[in-house]
Amino acid sequence: MIYPKKELAQLVIEYCAVYEVAHVVISPGSRNAPLTIGFINHPQIKTYSIVDERCAAFFALGIAQQTQKPVGLVCTSGSALLNYYPAIAEAFYSDIPLIVISADRPKHLIDIGDGQAIRQENVFKNHSLYNANLIEGEQYNNENAKQIATAIQVATRKKGPIHINIPFDEPLYETVDKLSIKNEILNIDTIKKERVSNFEEYASLWNNSKKKLVIVGAHYPNKKLQNQLSELAKDESVLIFTETTSNIHHSTFINSIDKLIFPLTDGDFKRLQPDILLTLGGMIVSKKIKQLLRKHQPKHHWHIDSKNALDTYHSLSHHFKINDTEFFQEFLKLTTAVKSDYHEYGSILKQQRKEKHTQFLAGVEFSDVKVFDIVLGSLPDNSHIQLGNSSIIRYSQLFDIKDSLKVFCNRGTSGIDGSTSTAIGAAHIVNNQTVFVTGDISFFYDSNALWNNYIKNNFRIILINNSGGGIFRFIPGPSSTNALEYFETPHHLTAKQLCEMYHFEYCTAKNEGELKEKLITFYNAENAPKLLEIFTLGTINEETLKRYFNSL
Ligand SMILES: Cc1ncc(C[n+]2csc(CCOP(=O)(O)OP(=O)(O)O)c2C)c(N)n1
(Lines give C-alpha, C1' and ligand atoms only; values in the text may rest on other atoms or scores of the structure.)
Protein backbone atom coordinates (compact mmCIF):
# COMPACT_ATOMS: atom_id res chain seq x y z
CA MET A 1 0.00 0.00 0.00
CA ILE A 2 1.02 3.59 -0.55
CA TYR A 3 0.30 6.22 2.08
CA PRO A 4 1.37 9.84 2.32
CA LYS A 5 4.08 10.30 4.92
CA LYS A 6 2.26 13.31 6.39
CA GLU A 7 0.26 12.11 9.38
CA LEU A 8 -2.31 14.86 9.02
CA ALA A 9 -3.10 13.58 5.53
CA GLN A 10 -3.30 10.00 6.85
CA LEU A 11 -5.67 11.10 9.60
CA VAL A 12 -8.08 12.93 7.33
CA ILE A 13 -8.11 10.18 4.73
CA GLU A 14 -8.64 7.39 7.24
CA TYR A 15 -11.44 9.34 8.92
CA CYS A 16 -13.12 9.81 5.55
CA ALA A 17 -12.95 6.05 5.07
CA VAL A 18 -14.31 5.37 8.59
CA TYR A 19 -17.30 7.61 7.80
CA GLU A 20 -17.79 5.98 4.40
CA VAL A 21 -16.98 8.97 2.27
CA ALA A 22 -16.97 7.09 -1.02
CA HIS A 23 -16.20 9.89 -3.52
CA VAL A 24 -13.51 12.54 -3.44
CA VAL A 25 -13.05 15.16 -6.16
CA ILE A 26 -9.50 16.45 -6.46
CA SER A 27 -8.22 19.57 -8.18
CA PRO A 28 -4.54 19.79 -9.08
CA GLY A 29 -1.80 21.45 -7.04
CA SER A 30 1.34 20.67 -5.11
CA ARG A 31 0.44 21.68 -1.59
CA ASN A 32 -2.34 19.07 -1.60
CA ALA A 33 -0.01 16.32 -2.88
CA PRO A 34 -0.14 14.34 0.42
CA LEU A 35 -3.95 14.27 0.17
CA THR A 36 -4.01 13.46 -3.54
CA ILE A 37 -1.53 10.60 -3.14
CA GLY A 38 -3.42 9.24 -0.13
CA PHE A 39 -6.91 9.45 -1.54
CA ILE A 40 -6.12 7.99 -4.96
CA ASN A 41 -4.43 4.99 -3.32
CA HIS A 42 -7.26 4.30 -0.89
CA PRO A 43 -9.14 1.13 -1.89
CA GLN A 44 -12.51 2.32 -0.52
CA ILE A 45 -12.53 5.75 -2.09
CA LYS A 46 -13.26 6.66 -5.69
CA THR A 47 -11.40 9.77 -6.83
CA TYR A 48 -12.06 12.23 -9.65
CA SER A 49 -9.74 14.82 -11.17
CA ILE A 50 -11.32 18.13 -12.17
CA VAL A 51 -9.20 21.21 -12.82
CA ASP A 52 -11.62 24.09 -12.28
CA GLU A 53 -12.44 24.17 -8.57
CA ARG A 54 -15.81 25.86 -9.08
CA CYS A 55 -16.88 23.05 -11.41
CA ALA A 56 -15.27 20.43 -9.17
CA ALA A 57 -17.30 21.62 -6.19
CA PHE A 58 -20.59 21.64 -8.08
CA PHE A 59 -19.80 18.22 -9.56
CA ALA A 60 -19.26 16.95 -6.00
CA LEU A 61 -22.52 18.64 -4.98
CA GLY A 62 -24.32 16.74 -7.75
CA ILE A 63 -22.99 13.41 -6.46
CA ALA A 64 -23.91 14.30 -2.86
CA GLN A 65 -27.36 15.50 -3.94
CA GLN A 66 -28.03 12.03 -5.36
CA THR A 67 -26.32 9.83 -2.79
CA GLN A 68 -27.36 12.00 0.18
CA LYS A 69 -23.93 11.20 1.62
CA PRO A 70 -20.94 13.50 2.06
CA VAL A 71 -18.57 13.89 -0.86
CA GLY A 72 -15.00 15.09 -0.38
CA LEU A 73 -13.30 17.96 -2.16
CA VAL A 74 -9.55 18.46 -2.15
CA CYS A 75 -7.62 21.45 -3.45
CA THR A 76 -4.37 23.30 -3.11
CA SER A 77 -3.71 26.54 -1.25
CA GLY A 78 -4.57 30.05 -2.38
CA SER A 79 -7.45 31.22 -4.56
CA ALA A 80 -8.14 27.59 -5.58
CA LEU A 81 -10.11 27.18 -2.37
CA LEU A 82 -12.19 30.33 -2.87
CA ASN A 83 -13.57 28.91 -6.10
CA TYR A 84 -15.43 26.36 -3.98
CA TYR A 85 -17.49 29.08 -2.38
CA PRO A 86 -20.53 29.15 -4.71
CA ALA A 87 -21.07 25.40 -4.28
CA ILE A 88 -20.49 25.63 -0.53
CA ALA A 89 -23.19 28.27 -0.22
CA GLU A 90 -25.52 26.15 -2.35
CA ALA A 91 -24.81 23.09 -0.19
CA PHE A 92 -25.39 25.13 2.97
CA TYR A 93 -28.84 26.28 1.87
CA SER A 94 -29.80 22.99 0.19
CA ASP A 95 -28.70 20.72 3.05
CA ILE A 96 -26.18 18.79 0.99
CA PRO A 97 -23.17 17.30 2.78
CA LEU A 98 -19.75 18.32 1.44
CA ILE A 99 -16.37 17.76 3.06
CA VAL A 100 -14.05 20.49 1.88
CA ILE A 101 -10.41 19.72 2.53
CA SER A 102 -7.90 22.43 1.70
CA ALA A 103 -4.14 22.21 1.82
CA ASP A 104 -2.53 25.31 3.29
CA ARG A 105 0.90 26.83 3.80
CA PRO A 106 2.11 26.51 7.40
CA LYS A 107 1.05 29.46 9.56
CA HIS A 108 4.43 31.19 9.53
CA LEU A 109 4.22 31.54 5.74
CA ILE A 110 0.87 33.37 5.65
CA ASP A 111 0.89 37.12 5.05
CA ILE A 112 4.68 37.38 4.88
CA GLY A 113 5.00 37.47 1.09
CA ASP A 114 5.10 33.74 0.35
CA GLY A 115 3.45 32.61 -2.89
CA GLN A 116 -0.06 31.13 -3.28
CA ALA A 117 -0.82 31.89 0.35
CA ILE A 118 -4.03 33.51 1.57
CA ARG A 119 -5.96 33.53 4.87
CA GLN A 120 -7.64 30.15 4.55
CA GLU A 121 -8.67 29.39 8.11
CA ASN A 122 -12.44 29.79 8.59
CA VAL A 123 -12.71 31.34 5.15
CA PHE A 124 -16.21 29.87 4.67
CA LYS A 125 -17.33 30.50 8.22
CA ASN A 126 -20.63 32.16 7.27
CA HIS A 127 -21.75 29.15 5.23
CA SER A 128 -19.99 26.20 6.78
CA LEU A 129 -21.42 24.02 9.54
CA TYR A 130 -18.01 23.38 11.05
CA ASN A 131 -14.46 24.64 10.50
CA ALA A 132 -11.56 22.46 11.56
CA ASN A 133 -8.20 24.23 11.42
CA LEU A 134 -5.61 21.52 11.90
CA ILE A 135 -2.17 22.07 13.37
CA GLU A 136 0.96 20.39 12.06
CA GLY A 137 2.96 18.38 14.61
CA GLU A 138 2.65 14.86 16.02
CA GLN A 139 1.91 16.22 19.51
CA TYR A 140 -1.38 17.64 18.15
CA ASN A 141 -2.61 14.37 16.61
CA ASN A 142 -5.31 13.79 19.24
CA GLU A 143 -6.71 17.29 18.98
CA ASN A 144 -6.58 17.11 15.17
CA ALA A 145 -8.37 13.75 15.17
CA LYS A 146 -11.12 15.20 17.35
CA GLN A 147 -11.52 18.15 14.99
CA ILE A 148 -11.67 15.93 11.92
CA ALA A 149 -14.14 13.50 13.51
CA THR A 150 -16.43 16.33 14.59
CA ALA A 151 -16.29 17.99 11.19
CA ILE A 152 -17.16 14.83 9.25
CA GLN A 153 -19.90 13.85 11.69
CA VAL A 154 -21.45 17.30 11.45
CA ALA A 155 -21.49 17.11 7.63
CA THR A 156 -23.02 13.64 7.72
CA ARG A 157 -25.64 14.14 10.39
CA LYS A 158 -26.57 17.75 9.83
CA LYS A 159 -26.27 17.52 6.06
CA GLY A 160 -24.25 20.49 4.96
CA PRO A 161 -20.75 21.66 4.08
CA ILE A 162 -17.81 21.63 6.48
CA HIS A 163 -14.24 22.82 5.97
CA ILE A 164 -11.03 21.17 7.09
CA ASN A 165 -7.92 23.28 6.53
CA ILE A 166 -4.58 21.50 6.70
CA PRO A 167 -1.19 23.18 6.78
CA PHE A 168 1.57 21.16 5.12
CA ASP A 169 5.24 22.02 5.21
CA GLU A 170 7.57 20.69 2.50
CA PRO A 171 8.49 17.99 1.51
CA LEU A 172 5.05 17.13 0.16
CA TYR A 173 5.52 14.05 -2.00
CA GLU A 174 7.04 11.51 0.42
CA THR A 175 5.21 8.23 0.89
CA VAL A 176 5.33 5.28 3.32
CA ASP A 177 3.98 1.74 2.94
CA LYS A 178 2.30 1.53 6.38
CA LEU A 179 0.08 3.96 8.24
CA SER A 180 2.06 5.61 11.00
CA ILE A 181 -1.00 6.92 12.92
CA LYS A 182 -2.41 4.63 15.62
CA ASN A 183 -5.68 2.79 15.12
CA GLU A 184 -7.21 4.00 18.40
CA ILE A 185 -7.12 7.54 17.15
CA LEU A 186 -9.84 6.67 14.63
CA ASN A 187 -12.57 5.92 17.19
CA ILE A 188 -13.82 9.33 18.17
CA ASP A 189 -17.59 9.90 18.29
CA THR A 190 -18.54 13.41 19.26
CA ILE A 191 -22.16 14.29 18.56
CA LYS A 192 -25.22 13.47 20.64
CA LYS A 193 -28.66 12.93 19.09
CA GLU A 194 -31.16 15.68 19.79
CA ARG A 195 -34.47 15.22 21.56
CA VAL A 196 -37.77 15.11 19.72
CA SER A 197 -40.78 17.38 20.49
CA ASN A 198 -44.10 16.41 21.96
CA PHE A 199 -46.90 16.56 19.41
CA GLU A 200 -50.14 16.26 21.36
CA GLU A 201 -50.81 19.91 21.92
CA TYR A 202 -50.20 20.61 18.20
CA ALA A 203 -52.38 17.73 17.09
CA SER A 204 -55.23 19.14 19.13
CA LEU A 205 -54.93 22.50 17.32
CA TRP A 206 -54.75 20.65 14.02
CA ASN A 207 -57.89 18.66 14.77
CA ASN A 208 -59.78 21.85 15.53
CA SER A 209 -58.85 23.80 12.39
CA LYS A 210 -60.85 23.84 9.18
CA LYS A 211 -58.14 25.23 6.88
CA LYS A 212 -54.76 23.58 6.91
CA LEU A 213 -52.26 24.20 4.17
CA VAL A 214 -49.17 22.04 3.76
CA ILE A 215 -46.37 23.32 1.51
CA VAL A 216 -43.63 20.95 0.45
CA GLY A 217 -40.43 22.57 -0.83
CA ALA A 218 -37.44 20.97 -2.54
CA HIS A 219 -37.05 17.38 -1.36
CA TYR A 220 -35.06 14.32 -2.31
CA PRO A 221 -37.58 11.74 -3.63
CA ASN A 222 -39.17 9.93 -0.71
CA LYS A 223 -42.00 7.41 -1.20
CA LYS A 224 -42.66 7.08 2.51
CA LEU A 225 -43.22 10.81 2.84
CA GLN A 226 -45.45 10.78 -0.23
CA ASN A 227 -47.61 8.06 1.34
CA GLN A 228 -47.79 9.90 4.64
CA LEU A 229 -48.87 13.10 2.92
CA SER A 230 -51.48 11.18 0.91
CA GLU A 231 -52.84 9.90 4.20
CA LEU A 232 -52.95 13.41 5.63
CA ALA A 233 -54.70 14.72 2.50
CA LYS A 234 -57.66 12.36 2.97
CA ASP A 235 -58.89 14.98 5.42
CA GLU A 236 -60.98 17.56 3.52
CA SER A 237 -59.65 20.38 5.68
CA VAL A 238 -56.14 19.79 4.33
CA LEU A 239 -54.71 21.16 1.10
CA ILE A 240 -51.25 20.19 -0.08
CA PHE A 241 -49.11 22.43 -2.28
CA THR A 242 -46.00 20.87 -3.79
CA GLU A 243 -43.08 22.39 -5.65
CA THR A 244 -41.80 20.63 -8.77
CA THR A 245 -38.56 19.95 -6.91
CA SER A 246 -40.45 18.33 -3.99
CA ASN A 247 -40.63 15.06 -5.96
CA ILE A 248 -43.95 14.39 -4.23
CA HIS A 249 -46.90 13.40 -6.40
CA HIS A 250 -50.58 12.75 -5.85
CA SER A 251 -53.57 13.52 -8.02
CA THR A 252 -55.18 15.64 -5.30
CA PHE A 253 -52.11 17.75 -4.52
CA ILE A 254 -51.67 21.18 -6.06
CA ASN A 255 -48.45 20.83 -8.03
CA SER A 256 -48.41 24.18 -9.85
CA ILE A 257 -48.66 26.74 -7.09
CA ASP A 258 -48.15 29.82 -9.26
CA LYS A 259 -50.63 28.64 -11.85
CA LEU A 260 -53.27 28.19 -9.16
CA ILE A 261 -52.76 31.40 -7.24
CA PHE A 262 -51.71 33.84 -9.97
CA PRO A 263 -55.22 34.91 -11.01
CA LEU A 264 -56.49 35.17 -7.41
CA THR A 265 -57.35 38.58 -6.03
CA ASP A 266 -56.55 39.33 -2.40
CA GLY A 267 -60.22 38.68 -1.67
CA ASP A 268 -60.10 35.24 -3.36
CA PHE A 269 -56.94 34.38 -1.49
CA LYS A 270 -58.73 34.96 1.81
CA ARG A 271 -60.52 31.68 1.13
CA LEU A 272 -57.17 29.95 0.87
CA GLN A 273 -55.59 31.74 3.83
CA PRO A 274 -54.85 28.87 6.22
CA ASP A 275 -55.42 28.63 9.95
CA ILE A 276 -52.41 26.39 10.12
CA LEU A 277 -49.55 26.42 7.65
CA LEU A 278 -47.34 23.35 7.88
CA THR A 279 -44.15 23.47 5.83
CA LEU A 280 -41.37 21.02 5.09
CA GLY A 281 -38.58 20.56 2.58
CA GLY A 282 -36.24 23.18 1.19
CA MET A 283 -36.58 26.36 -0.78
CA ILE A 284 -39.84 27.52 -2.36
CA VAL A 285 -39.63 28.87 -5.91
CA SER A 286 -43.06 30.51 -6.03
CA LYS A 287 -42.62 34.20 -5.19
CA LYS A 288 -46.33 34.79 -5.29
CA ILE A 289 -47.14 32.33 -2.50
CA LYS A 290 -44.53 34.00 -0.32
CA GLN A 291 -46.05 37.42 -0.99
CA LEU A 292 -49.61 36.26 -0.38
CA LEU A 293 -48.88 34.34 2.79
CA ARG A 294 -46.81 37.19 4.19
CA LYS A 295 -49.75 39.47 3.60
CA HIS A 296 -52.48 37.05 4.70
CA GLN A 297 -50.67 35.28 7.49
CA PRO A 298 -51.78 31.98 8.97
CA LYS A 299 -52.64 31.87 12.67
CA HIS A 300 -49.93 29.26 13.12
CA HIS A 301 -46.95 28.35 11.01
CA TRP A 302 -45.14 25.16 11.91
CA HIS A 303 -42.02 24.04 10.11
CA ILE A 304 -40.62 20.52 10.18
CA ASP A 305 -36.87 20.16 9.69
CA SER A 306 -34.20 18.36 11.66
CA LYS A 307 -31.89 21.35 11.34
CA ASN A 308 -33.30 24.78 10.46
CA ALA A 309 -36.63 26.56 10.59
CA LEU A 310 -36.79 29.38 8.10
CA ASP A 311 -39.36 32.05 8.81
CA THR A 312 -40.19 32.36 5.11
CA TYR A 313 -43.70 33.71 5.72
CA HIS A 314 -42.84 35.95 8.67
CA SER A 315 -45.20 34.01 10.91
CA LEU A 316 -43.24 31.01 12.18
CA SER A 317 -44.70 29.87 15.50
CA HIS A 318 -43.15 26.44 15.97
CA HIS A 319 -40.19 24.43 14.72
CA PHE A 320 -40.46 20.63 14.85
CA LYS A 321 -36.78 19.80 14.96
CA ILE A 322 -37.16 16.34 13.53
CA ASN A 323 -36.95 14.52 10.24
CA ASP A 324 -40.27 14.86 8.33
CA THR A 325 -41.08 11.17 7.95
CA GLU A 326 -40.43 10.64 11.66
CA PHE A 327 -42.72 13.57 12.38
CA PHE A 328 -45.60 12.17 10.34
CA GLN A 329 -45.10 8.69 11.72
CA GLU A 330 -46.09 10.06 15.13
CA PHE A 331 -48.33 12.95 14.13
CA LEU A 332 -50.62 10.98 11.82
CA LYS A 333 -51.62 8.72 14.72
CA LEU A 334 -52.98 11.78 16.51
CA THR A 335 -54.94 13.45 13.69
CA THR A 336 -58.67 13.19 13.03
CA ALA A 337 -60.56 14.38 9.95
CA VAL A 338 -62.41 17.71 10.10
CA LYS A 339 -65.46 18.65 8.01
CA SER A 340 -64.53 21.51 5.66
CA ASP A 341 -64.79 22.75 2.06
CA TYR A 342 -61.15 23.85 2.01
CA HIS A 343 -59.79 20.98 -0.04
CA GLU A 344 -62.70 21.14 -2.46
CA TYR A 345 -62.08 24.83 -3.13
CA GLY A 346 -58.46 24.07 -4.06
CA SER A 347 -59.51 21.17 -6.30
CA ILE A 348 -62.02 23.29 -8.21
CA LEU A 349 -59.41 25.97 -8.87
CA LYS A 350 -56.93 23.32 -9.95
CA GLN A 351 -59.36 21.85 -12.47
CA GLN A 352 -60.23 25.28 -13.88
CA ARG A 353 -56.56 26.18 -14.38
CA LYS A 354 -55.85 22.84 -16.01
CA GLU A 355 -58.51 23.41 -18.65
CA LYS A 356 -57.30 26.95 -19.44
CA HIS A 357 -53.69 25.77 -19.54
CA THR A 358 -54.47 23.02 -22.07
CA GLN A 359 -56.53 25.37 -24.23
CA PHE A 360 -53.81 27.99 -24.29
CA LEU A 361 -51.00 25.61 -25.15
CA ALA A 362 -52.92 24.01 -27.98
CA GLY A 363 -52.95 27.31 -29.86
CA VAL A 364 -49.75 29.05 -28.82
CA GLU A 365 -46.89 29.88 -31.20
CA PHE A 366 -43.30 28.62 -30.83
CA SER A 367 -41.89 30.19 -27.65
CA ASP A 368 -40.29 29.11 -24.36
CA VAL A 369 -43.63 28.08 -22.84
CA LYS A 370 -44.41 25.92 -25.88
CA VAL A 371 -40.90 24.45 -25.79
CA PHE A 372 -41.49 23.44 -22.19
CA ASP A 373 -44.76 21.81 -23.06
CA ILE A 374 -43.10 19.72 -25.78
CA VAL A 375 -39.85 18.99 -23.93
CA LEU A 376 -41.48 17.97 -20.63
CA GLY A 377 -43.83 15.69 -22.52
CA SER A 378 -40.91 14.04 -24.31
CA LEU A 379 -38.86 13.08 -21.25
CA PRO A 380 -38.32 9.32 -20.94
CA ASP A 381 -40.04 7.58 -18.02
CA ASN A 382 -37.87 7.28 -14.92
CA SER A 383 -35.36 9.83 -16.09
CA HIS A 384 -33.81 12.41 -13.78
CA ILE A 385 -34.30 16.04 -14.68
CA GLN A 386 -31.81 18.68 -13.62
CA LEU A 387 -33.11 22.20 -14.12
CA GLY A 388 -31.20 25.42 -14.54
CA ASN A 389 -32.26 28.44 -12.54
CA SER A 390 -33.94 31.56 -13.86
CA SER A 391 -37.07 31.11 -15.95
CA ILE A 392 -36.27 27.40 -16.53
CA ILE A 393 -37.34 26.34 -13.04
CA ARG A 394 -40.26 28.78 -13.11
CA TYR A 395 -41.63 27.45 -16.40
CA SER A 396 -41.35 23.89 -15.18
CA GLN A 397 -43.59 24.75 -12.24
CA LEU A 398 -46.46 25.48 -14.62
CA PHE A 399 -46.65 21.92 -15.92
CA ASP A 400 -47.67 18.51 -14.62
CA ILE A 401 -44.54 16.40 -14.54
CA LYS A 402 -44.78 12.63 -14.89
CA ASP A 403 -44.68 10.87 -11.53
CA SER A 404 -41.80 8.65 -12.57
CA LEU A 405 -39.45 11.60 -13.15
CA LYS A 406 -37.19 12.99 -10.45
CA VAL A 407 -36.50 16.69 -10.52
CA PHE A 408 -33.57 18.65 -9.09
CA CYS A 409 -32.42 22.26 -9.18
CA ASN A 410 -29.86 24.31 -7.26
CA ARG A 411 -32.37 26.45 -5.40
CA GLY A 412 -30.28 26.90 -2.27
CA THR A 413 -28.83 30.09 -3.67
CA SER A 414 -30.55 30.05 -7.10
CA GLY A 415 -27.16 30.61 -8.73
CA ILE A 416 -26.61 30.27 -12.45
CA ASP A 417 -22.97 29.40 -11.84
CA GLY A 418 -22.92 25.65 -11.36
CA SER A 419 -26.06 23.99 -12.67
CA THR A 420 -24.28 22.21 -15.53
CA SER A 421 -21.52 20.87 -13.27
CA THR A 422 -24.11 19.72 -10.72
CA ALA A 423 -26.10 17.95 -13.42
CA ILE A 424 -22.97 16.20 -14.68
CA GLY A 425 -22.06 15.06 -11.16
CA ALA A 426 -25.59 13.82 -10.50
CA ALA A 427 -25.78 12.08 -13.87
CA HIS A 428 -22.50 10.35 -13.22
CA ILE A 429 -23.69 8.64 -10.05
CA VAL A 430 -27.22 7.48 -10.97
CA ASN A 431 -28.20 4.72 -13.32
CA ASN A 432 -31.16 6.64 -14.69
CA GLN A 433 -30.70 8.80 -17.73
CA THR A 434 -30.24 12.46 -16.70
CA VAL A 435 -31.55 15.31 -18.81
CA PHE A 436 -30.35 18.81 -17.99
CA VAL A 437 -32.59 21.67 -19.13
CA THR A 438 -30.90 25.07 -19.04
CA GLY A 439 -31.03 28.66 -20.24
CA ASP A 440 -28.23 30.06 -22.40
CA ILE A 441 -26.68 32.49 -19.90
CA SER A 442 -26.45 29.77 -17.24
CA PHE A 443 -25.05 27.34 -19.76
CA PHE A 444 -22.32 29.62 -21.09
CA TYR A 445 -21.49 30.76 -17.56
CA ASP A 446 -20.64 27.21 -16.48
CA SER A 447 -19.25 25.96 -19.78
CA ASN A 448 -16.10 24.70 -18.02
CA ALA A 449 -18.43 22.05 -16.62
CA LEU A 450 -17.98 20.22 -19.92
CA TRP A 451 -14.24 19.94 -19.23
CA ASN A 452 -14.90 16.75 -17.36
CA ASN A 453 -13.88 13.14 -17.99
CA TYR A 454 -16.86 11.61 -16.23
CA ILE A 455 -19.73 12.64 -18.49
CA LYS A 456 -21.88 9.67 -19.34
CA ASN A 457 -22.87 8.98 -22.92
CA ASN A 458 -26.54 8.94 -21.98
CA PHE A 459 -26.33 12.45 -20.49
CA ARG A 460 -28.47 14.97 -22.41
CA ILE A 461 -28.52 18.76 -22.37
CA ILE A 462 -31.49 20.73 -23.62
CA LEU A 463 -30.33 24.31 -24.05
CA ILE A 464 -33.08 26.86 -24.54
CA ASN A 465 -31.25 29.70 -26.21
CA ASN A 466 -33.29 32.90 -26.14
CA SER A 467 -30.09 34.96 -26.66
CA GLY A 468 -29.93 36.33 -23.12
CA GLY A 469 -31.41 36.24 -19.65
CA GLY A 470 -35.07 35.94 -20.62
CA ILE A 471 -36.18 36.28 -17.01
CA PHE A 472 -35.34 39.99 -17.08
CA ARG A 473 -38.07 40.54 -19.64
CA PHE A 474 -40.70 39.09 -17.29
CA ILE A 475 -39.86 40.52 -13.92
CA PRO A 476 -41.10 44.03 -13.36
CA GLY A 477 -38.30 46.57 -13.41
CA PRO A 478 -35.60 45.94 -16.01
CA SER A 479 -37.64 46.90 -19.09
CA SER A 480 -38.73 50.16 -17.46
CA THR A 481 -35.06 51.29 -17.37
CA ASN A 482 -32.71 52.32 -20.17
CA ALA A 483 -30.36 49.53 -19.08
CA LEU A 484 -32.21 46.37 -20.17
CA GLU A 485 -29.12 45.14 -21.98
CA TYR A 486 -27.22 45.11 -18.68
CA PHE A 487 -29.89 42.85 -17.19
CA GLU A 488 -30.72 40.66 -20.16
CA THR A 489 -27.12 40.63 -21.48
CA PRO A 490 -28.10 39.77 -25.08
CA HIS A 491 -25.60 37.82 -27.21
CA HIS A 492 -25.29 35.72 -30.35
CA LEU A 493 -23.42 32.75 -28.92
CA THR A 494 -24.32 29.17 -29.70
CA ALA A 495 -23.08 25.92 -28.17
CA LYS A 496 -21.85 24.50 -31.48
CA GLN A 497 -18.10 25.01 -30.99
CA LEU A 498 -18.23 23.98 -27.34
CA CYS A 499 -19.88 20.72 -28.38
CA GLU A 500 -17.17 20.11 -30.94
CA MET A 501 -14.44 20.85 -28.42
CA TYR A 502 -15.92 18.64 -25.70
CA HIS A 503 -17.16 15.82 -27.96
CA PHE A 504 -20.89 16.29 -27.52
CA GLU A 505 -23.22 15.44 -30.38
CA TYR A 506 -24.92 18.66 -31.35
CA CYS A 507 -28.33 19.35 -32.90
CA THR A 508 -30.66 22.34 -33.13
CA ALA A 509 -34.35 23.20 -33.41
CA LYS A 510 -35.85 26.53 -34.46
CA ASN A 511 -39.53 25.66 -34.69
CA GLU A 512 -42.12 23.23 -33.39
CA GLY A 513 -41.74 20.73 -36.24
CA GLU A 514 -37.95 20.56 -35.92
CA LEU A 515 -38.15 20.25 -32.14
CA LYS A 516 -40.62 17.37 -32.23
CA GLU A 517 -38.59 15.60 -34.88
CA LYS A 518 -35.25 15.99 -33.03
CA LEU A 519 -36.78 14.74 -29.81
CA ILE A 520 -37.86 11.44 -31.35
CA THR A 521 -34.30 10.07 -31.25
CA PHE A 522 -32.65 12.50 -28.85
CA TYR A 523 -32.74 10.23 -25.79
CA ASN A 524 -31.64 7.07 -27.63
CA ALA A 525 -28.39 5.39 -26.63
CA GLU A 526 -25.37 6.83 -28.47
CA ASN A 527 -21.61 6.82 -28.20
CA ALA A 528 -21.46 10.40 -26.92
CA PRO A 529 -23.49 12.74 -24.75
CA LYS A 530 -25.78 15.04 -26.72
CA LEU A 531 -26.90 18.64 -26.65
CA LEU A 532 -30.03 19.98 -28.32
CA GLU A 533 -30.00 23.75 -28.73
CA ILE A 534 -33.46 25.26 -29.16
CA PHE A 535 -33.64 28.83 -30.41
CA THR A 536 -36.52 31.07 -29.30
CA LEU A 537 -37.09 34.82 -29.48
CA GLY A 538 -37.10 36.92 -26.31
CA THR A 539 -39.79 39.30 -27.58
CA ILE A 540 -42.18 36.45 -28.38
CA ASN A 541 -41.45 34.69 -25.07
CA GLU A 542 -42.27 37.82 -23.15
CA GLU A 543 -45.52 38.43 -24.90
CA THR A 544 -46.58 34.77 -24.81
CA LEU A 545 -46.00 34.33 -21.10
CA LYS A 546 -48.05 37.43 -20.33
CA ARG A 547 -50.88 36.06 -22.46
CA TYR A 548 -50.56 32.69 -20.73
CA PHE A 549 -51.09 34.16 -17.28
CA ASN A 550 -53.93 36.37 -18.50
CA SER A 551 -55.62 33.33 -20.04
CA LEU A 552 -55.75 31.56 -16.68
C1 LIG B 1 -24.11 33.42 -10.07
C2 LIG B 1 -25.28 34.25 -10.44
N3 LIG B 1 -25.11 35.43 -11.06
C4 LIG B 1 -26.17 36.18 -11.44
C5 LIG B 1 -27.45 35.75 -11.20
C6 LIG B 1 -28.63 36.63 -11.59
N7 LIG B 1 -29.39 36.00 -12.69
C8 LIG B 1 -30.52 35.35 -12.46
S9 LIG B 1 -31.20 34.74 -13.81
C10 LIG B 1 -30.00 35.34 -14.79
C11 LIG B 1 -30.05 35.13 -16.28
C12 LIG B 1 -30.23 33.71 -16.65
O13 LIG B 1 -30.42 33.58 -18.03
P14 LIG B 1 -30.61 32.19 -18.76
O15 LIG B 1 -29.80 31.16 -18.09
O16 LIG B 1 -30.36 32.39 -20.20
O17 LIG B 1 -32.10 31.80 -18.48
P18 LIG B 1 -33.47 32.49 -18.97
O19 LIG B 1 -33.78 33.59 -18.01
O20 LIG B 1 -33.31 32.99 -20.36
O21 LIG B 1 -34.44 31.39 -18.86
C22 LIG B 1 -29.06 36.03 -14.03
C23 LIG B 1 -27.87 36.71 -14.58
C24 LIG B 1 -27.60 34.49 -10.53
N25 LIG B 1 -28.78 33.96 -10.27
N26 LIG B 1 -26.51 33.77 -10.20
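## Briefing on a predicted protein–ligand model

Pro-171 is found in the loop that lies between β7 and β8 (175-176), and the model in which this loop appears is a predicted one. The protein chain contains 22 helices and 19 strands. Its radius of gyration is 25 Å, close to the 24 Å that the globule rule gives for 552 residues, so the chain is as compact as a globular protein of that length. Along its principal axes, the C-alpha trace of the protein chain spans about 70 × 60 × 45 Å.

**Backbone features in two loops**

- The peptide bond that leads from Glu-170 to Pro-171 is cis, with omega near 0 degrees.
- Glu-20, which is found in the loop between α1 (7-18) and β2 (23-26), has a phi near 60 degrees, a positive value in a residue other than glycine.
- As background to both features, most residues other than glycine have a negative phi, and most peptide bonds are trans.

**The sheet that contains β2 to β7**

- An open sheet is formed by 6 strands in the order β3-β2-β4-β5-β7-β6, and the pairing is parallel.
- The edge strands of this sheet are β3 (46-49) and β6 (131-133), each of which pairs on one side only.
- From one strand to the next, the twist of this sheet averages 20 degrees.
- Within the sheet, strand β4 (residues 71-75) and strand β5 (residues 98-104) run parallel and are joined by 5 bridges, and Gly-72 stands opposite Ile-99 in β5.
- Helix α6 (residues 141-158) lies across β5, β6 and β7 (161-167), and this helix runs at about 155 degrees to β7.

**The sheet that contains β14 to β19**

- Another open sheet is made of 6 strands in the order β15-β14-β16-β17-β19-β18, with parallel pairing.
- At the edges stand β15 (406-409) and β18 (505-509), each with a single partner strand, so one side of each is left without a neighbour in the sheet.
- Neighbouring strands of this sheet are turned against each other by 20 degrees on average, when direction is ignored.
- Strand β16 (residues 434-439) pairs with strand β17 (residues 460-465) in the parallel sense over 5 bridges, and Val-437 stands opposite Ile-462 in β17.
- Helix α14 (residues 368-378) packs on the sheet, where it touches β16, β17 and β19 (530-535), and its direction makes about 160 degrees with that of β17.
- Helix α21 (residues 512-522) also packs on the sheet, touching β17, β18 and β19, and its direction makes about 170 degrees with that of β19.

**The surroundings of the ligand**

- There are 17 residues around the ligand, and of these Ser-390, Ser-391, Ile-441, Ser-442 and Gly-470 come nearest.
- Oxygen atoms of the ligand take part in two of the close approaches: a polar side-chain atom of Ser-390 lies 2.4 Å from an oxygen atom of the ligand, and an N or O atom in the side chain of Ser-391 is 2.3 Å from an oxygen atom of the ligand.
- With Ser-414, the approach involves the backbone, since a polar backbone atom of this residue is 3.0 Å from a nitrogen atom of the ligand.
- Taken alone, the ligand exposes 590 Å², and the protein buries 77% of that area.

Notes. Residues numbered from 1 in each chain as written. Predicted model: local features only at pLDDT ≥ 70, side-chain atom pairs only at ≥ 80, totals over all residues. Heavy atoms only, no water. Pairing = 2+ DSSP bridges. Helix = DSSP H or I, 4+ residues; strand = E, 2+ residues; numbered from the N terminus. Axes fitted to C-alpha atoms, helices over the stretch in contact; angles between N-to-C directions. Contact = heavy atoms within 4.5 Å. Near = heavy atom within 4 Å. Polar contact = N/O pair within 3.5 Å; in protein donor to acceptor, adjacent residues only side chain to side chain. Areas by Shrake-Rupley, 256 points an atom, 1.4 Å probe, with all protein chains shown as cover. Rg over C-alpha atoms; globule rule 2.2 N^0.38 Å.
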